[in-house]
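Let's take a walk through this one together. Have the chain open in your viewer and follow along.

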Amino acid sequence: MATPRQGWDVVVLCLAPDEHELPQWLRTGAAWRLLLCLDEAQEHLAARALRMGPAGACLGDYVLRRKGHDHVPELLERIAALLAPAGGAVRPHEARQLAELRTALGSMSQGILQTDPEGRVTVYNQQALEFLDLPEALVASGATLAELTELQRRRGDFGELCELVDGRGRPYILRGARDPSPDLYRRRTRDGRTLEVRTRLLPGGGFVRTFSDVSEYLRVQAEQQRSEERFRSLCALSSDWYWEQDAQLRFTDIRGTAAQGDARLQDWLGRTLAELGALNLTRAAWTEHVQRIAARQPFRELELKLLDPQGQVRWIALSGEPMVEDGGRFVGYRGVGRNITDRKHAEEQIERLAFYDALTGLPNRRLLLDRLQRTCSGLERSGHHAALLFVDLDHFKELNDTRGHEHGDALLVEVAQRLRGAVRAGDTVARFGGDEFVLLVGGLDHAPDQARRDGDEVARKVMAALTRPYLLQDGQHYHSTSSVGMTLFAHPAPAAEELIRQADFAMYQAKAAGRNSVRFFDPGLLEQMRARAQLEGELRRGLVQQELLLYYQPVVDGGGAIIGAEALVRWQHPVRGVVGPGEFIELAERTGLILALGDWVLQAACTRLARWAGRPGLDALVVSVNVSARQFRQPDFAARVRQALRASGARPRQLRLELTESLLLNETEETIAKMESLRAEGVGFSLDDFGTGYSSLSYLKRLPLDQIKIDRAFVRDVLGEPNDAAIVRTILALAHSLDLQVVAEGVETTSQLEFLRQHGCRAFQGYLFGRPAPAEALEQALQPAPA
Ligand SMILES: Nc1nc2c(ncn2[C@@H]2O[C@@H]3COP(=O)(O)O[C@H]4[C@@H](O)[C@H](n5cnc6c(=O)[nH]c(N)nc65)O[C@@H]4COP(=O)(O)O[C@H]3[C@H]2O)c(=O)[nH]1
């Protein structure tokens, strides 16, 4: 059959009864309407024609053939109906379909329009009018798309140079919207929206065009892109890296500059956290983590200590949160990871500093206290005894002072090693600072006697280890001994601090017993300890209550004339009466009270000097004041002396500071500077107890001294002990050659005086001339005889 021509209004297709297919030309689509005439058995072909939709012929209606030509009237009637002009009699179902179509078009968010082969707009919806900003009257009037486009172009809808239309659509618009139209292009409207324009050609000519406002979509897309970029740069710049796990908690993604090229991290892929084998997680910590994951909760800073194949430890911290799809389905975890190895090392270092002695690497006081507490709490169960040993090196200070700190430090390191070797691995060797070491030894016998023997054996071993000669860095050998104080304890044990006090106290007993010995803490001695503590409290109070006094002991010349005095402190105790410095100076030094005490003495002596000014006999006296090492080492010591002088008005030339040898051996440069600054103002310096310590010619030459004092120990035996006599002679000769004055202390007899005089001594101090006494005694002795 021939193909119907364009322009026909209705095509009536009568299918032969044996025809089971629709002719091919029906699919080409055309403007005419189709009226099918077919047998009942062929009714499905009408349905098929209907389904061809807008691309094919438009099925108008169909009529079933009846016997003879009974169906012809109906056929004609239907032809008439199809030929009826638009707006004419429309069948009810068609009217409904049309209305529904309009509603559907109207409710679309897209704009839609359709043109006929001549380019006239035949179908449109409100959205299209709105997007194109065109009046409906114009569009409905049958204007062509080219005309509408021209109108828009003139209005500037596409921009002056059509720049609002993208590269795909611009040539088409510039051509005046004449074919061919691109399938897709985008253009921006003047109010800033972006429209996506899609065109689909219709088979019979014309096209359907849709307009979608994709502004929001593009905004979200751009935002997403920005967010992606942010994430990417975060990953690139951050020391953290990003990870993801699937629902089975296997690592599926590890990203970020910090993770790139890190084979050890990339090795995680496909494995779960449990399979990484963290060394640090305790069972409890792991259980807690697993429960958290099971509850799909986030986790923060989960720290993992991992061992890599090279045996290196590294620490990683992970934080994560669950990933859930839109439907609420759990799909895994994601989060960030960070290498915290450096931080962990720093923390370990800090911990070491907090609990270990930096020089020897031994536990410090804090750690020892902790271990001691643990030992004590285990004693009830074990029934064992334990021992705490306080070890102090004899004469360590002298080594430190004479040979320098490096040698002292090296010795302490060696001592630490020897102590460790002398006890069992489970015992603790701690350093309390200086040359004080404390050993905690556990597992001693249940029976007190045997425990004591065990403890004694440990102490002997310790002492033997420390007595072996040391080879110093300068190649010289050094011999040392130690004093050990020990306290034994079992359950119930005293408090840890109390045990340390006991061992410390016992160590002092060992020192007092002549060093190089062991002493067990004797509870009987506890009283002494308490007395010491009480004395400290009383001295503190005494200082505040101004219970201190200054006595003065005269210093005389060869003819017995008083040329000066030494100020010696006394304590007017409210109960015990006058207490000598031998009972409290050492305590004051140990507790730091010496600083306040020393200040007071300086001020009192200066005040006395000022009072004596202008008084006959007293006016020219030089007063010596003892200065303890700790006092002298105060950074502002010189300023304090100046302050005492200024406040009292005393003349610096009449003040002489007595220093001890041990003080001068240390910190020489600083010492000299301090002494020189005071000496420049007239203050004199005397070296006390000369000959008892490490007397050295070199520092005598270097230090700005005026005077040395021969210790009374040499003076005492100067007649009976040839050695002492030789020392005294040497000191006098030395002092003479260095142009230093000499004062001999402790002169009690005229024979001593005679000896000293013979060998050139010109100044003397001792009971022979007067005991230390209140200032008034000196004042009386020097009072001019009444005329
Ligand atoms: N056997 C005997 N002893 C004599 C004789 N002549 C004097 N003495 C004593 O020898 C000590 C001399 O003082 P030192 O060597 O500076 O030794 C002083 C000094 O090191 C210290 N000291 C005293 N007062 C102070 C002070 O104000 N500050 C400081 N830091 N230490 C002081 O206490 C030590 C003892 O002082 P003191 O008990 O007053 O003892 C005094 C004095 O009484 C004598 O002929 N025979």
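Helices (H or I, at least four residues) and strands (E, at least two) are DSSP runs, and they are numbered from the N terminus. With that in hand, note that this is a predicted model, and that its protein chain holds 28 helices and 30 strands. Of its 787 residues, 29% count as buried. If you look at contacts with a separation of 6 or more, 55% of them come from residues 24 or more positions apart.

Let's start with a few backbone oddities. As background, most residues other than glycine have a negative phi, and most peptide bonds are trans. Leu-249 goes the other way on phi, with a positive value near 65°. You'll find Leu-249 in the loop between strand E9 (240–245) and strand E10 (251–255). There, 17 other C-beta atoms sit within 10 Å of Leu-249, so it is partly exposed. Asp-739 also has a positive phi, about 60°, without being a glycine. Its loop runs between helix H26 (722–737) and strand E28 (741–744). Asp-739 counts as exposed because it has 7 C-beta neighbours inside 10 Å. For the peptide bond, go to His-491 and Pro-492, which are joined in cis with omega at about -5°. Pro-492 belongs to the loop between strand E19 (482–489) and helix H16 (496–512).

Now for some helix packing, with H19 in the middle of the story. Helix H17 (residues 526–544) packs against helix H19 (residues 593–612) at an angle of about 30°, and their axes are 11 Å apart. That angle is why H17 is roughly parallel to H19. The crossing of H17 past H19 is left-handed. On the H17 side, Leu-539, Arg-540 and Leu-543 make the contact, and H19 answers with Leu-593, Ala-596, Leu-597 and Trp-600. Sorted by class, that gives six nonpolar residues, no polar ones and one charged.

H19 has another partner in helix H21 (residues 637–648), with an angle of about 35° and axes 9 Å apart. This crossing of H19 and H21 is right-handed. H19 contributes Asp-599, Leu-602, Gln-603, Cys-606, Thr-607, Leu-609 and Ala-610, which meet Arg-640, Val-641, Ala-644, Leu-645 and Ser-648 of H21. By class, the contact of H19 with H21 has seven nonpolar, three polar and two charged residues.

H19 turns up again at the ligand. Together with strand E22 (562–573) and strand E26 (684–690), H19 is one of the elements that each supply at least two residues of the surrounding shell. Which of the 23 residues around the ligand come nearest? They are Leu-568, Val-569, Pro-581, Asn-626 and Gly-766. The shell divides into eight nonpolar, nine polar and six charged residues.

From Leu-568 we can step to Pro-772, since these two residues touch. Pro-772 also touches Tyr-551, Tyr-552 and Gln-553, leaving aside residues up to four places away in sequence. Pro-772 lies in the loop between strand E29 (763–764) and strand E30 (773–774). Is Pro-772 buried or exposed? It has 21 other C-beta atoms within 10 Å, so it is buried. Finally, check Pro-772 against Ala-565: they are 207 residues apart along the chain, yet their C-alpha atoms are separated by 9.0 Å.

Definitions and conventions:
Residues are numbered from 1 along each chain as its sequence is written. This is a predicted model: local features need pLDDT of at least 70, side-chain atom pairs count only at pLDDT 80 or more; totals for chains, interfaces and linings use all residues. Axes are lines fitted to C-alpha atoms, for helices over the stretch in contact, and angles run from 0 to 180 degrees between N-to-C directions. Angles under 35 degrees count as roughly parallel, over 145 as roughly antiparallel, 65 to 115 as roughly perpendicular and the rest as oblique. A crossing is left-handed if the near helix is turned anticlockwise from the far one by less than a right angle, and right-handed if clockwise. Two residues are in contact if their C-beta atoms, placed from the backbone, lie within 7 Å. Ala, Val, Leu, Ile, Met, Phe, Trp, Tyr, Cys and Pro count as nonpolar, Asp, Glu, Lys and Arg as charged, and the others, Gly among them, as polar. A residue is buried if 20 or more other C-beta atoms lie within 10 Å of its own, exposed if 12 or fewer, and partly exposed in between; C-beta atoms are placed from the backbone. A residue is near a molecule or strand if its C-beta atom, placed from the backbone, lies within 6 Å of it.
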